[in-house]
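Here are some exercises to work through with the model open beside you. Try each task before you read its solution.

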Amino acid sequence: LIRNNYMFKPKAGNENRLFFEKNYKRLFGERRIHLHLTIIDSKFWNNSLKVRNKLAKNTELRKKYEELKKQAVKYAKGEGKRYRSYKSKFLEELSK
């Protein structure tokens with residue numbers, strides 16, 4: 001990943017995942033890719049799949065999560081820890 005210009009962000013991950021990001025240019029500006037790595041069949045892995053599957057099946061839930069993410073961006077003002085904290089209760093409920 002490093003050889004392909006992904007930057008390892010040790011403070012953005014946690015004990016359950018490694019976090020990388022990469023910026024790339026597009027026709028109308030720059031975009032950022034976030035890549036999360038975790039261990040297959042770990043608790044974090046399984047909870048992430050539960051959240052993904054619930055969001056994939058439920059349009060209303062997806063819209064709520066989309067709105068929550070927009071609110072989290074405004075609240076966090078660029079601080080990843082605050083952004084994740086803002087969303088954490090919602091995601092915890094989805095992972096049950």
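**Exercise 1.** In this predicted model, find how many aromatic pairs there are, then work out whether the pair of Phe-8 and Phe-20 is stacked, edge-to-face or tilted.

*Solution.* Start with the count: there are three aromatic pairs. One of them joins Phe-8 and Phe-20, whose ring centres lie 5.3 Å apart. The planes of these two rings stand at 45°. Planes under 30 degrees apart count as stacked and those over 60 as edge-to-face, so the Phe-8 and Phe-20 pair is tilted. Next, place the residues: Phe-8 belongs to strand β1 (residues 7–8) and Phe-20 to strand β2 (residues 18–26), so the pair ties together parts 12 residues apart in sequence.

**Exercise 2.** List the order of the elements along the protein chain, from the N terminus on.

*Solution.* Count first: the protein chain holds three helices and three strands. Then read along from the N terminus, and the order is β-β-β-α-α-α.

**Exercise 3.** Describe how helix α1 and helix α3 are placed relative to each other.

*Solution.* Two packed helices are described by the angle and the distance between their axes. For α1 (residues 43–57) and α3 (residues 80–94), the axes come within 8 Å and cross at roughly 85°. Angles of 65 to 115 degrees count as roughly perpendicular, so α1 and α3 are roughly perpendicular to each other. Now look at the contact: Lys-50, Val-51, Lys-54 and Leu-55 of α1 meet Leu-91, Glu-93 and Leu-94 of α3. Sorted by class, this contact has four nonpolar, three charged and no polar residues.

**Exercise 4.** Where is the kink in α3 centred?

*Solution.* Follow α3 to Ser-88, where a kink of about 45° is centred.

How values were computed:
Residues are numbered from 1 along each chain as its sequence is written. This is a predicted model: local features need pLDDT of at least 70, side-chain atom pairs count only at pLDDT 80 or more; totals for chains, interfaces and linings use all residues. Side-chain values use heavy atoms; hydrogens and water are left out. Axes are lines fitted to C-alpha atoms, for helices over the stretch in contact, and angles run from 0 to 180 degrees between N-to-C directions. Helices (H or I, at least four residues) and strands (E, at least two) are DSSP runs, numbered from the N terminus. Angles under 35 degrees count as roughly parallel, over 145 as roughly antiparallel, 65 to 115 as roughly perpendicular and the rest as oblique. Contact means heavy atoms within 4.5 Å. Ala, Val, Leu, Ile, Met, Phe, Trp, Tyr, Cys and Pro count as nonpolar, Asp, Glu, Lys and Arg as charged, and the others, Gly among them, as polar. The bend at a residue is the angle between axes fitted to the seven residues ending there and the seven starting there. Rings of Phe, Tyr and Trp (its six-membered ring) pair if their centres lie within 6.5 Å; planes under 30 degrees apart count as stacked, over 60 as edge-to-face and the rest as tilted.
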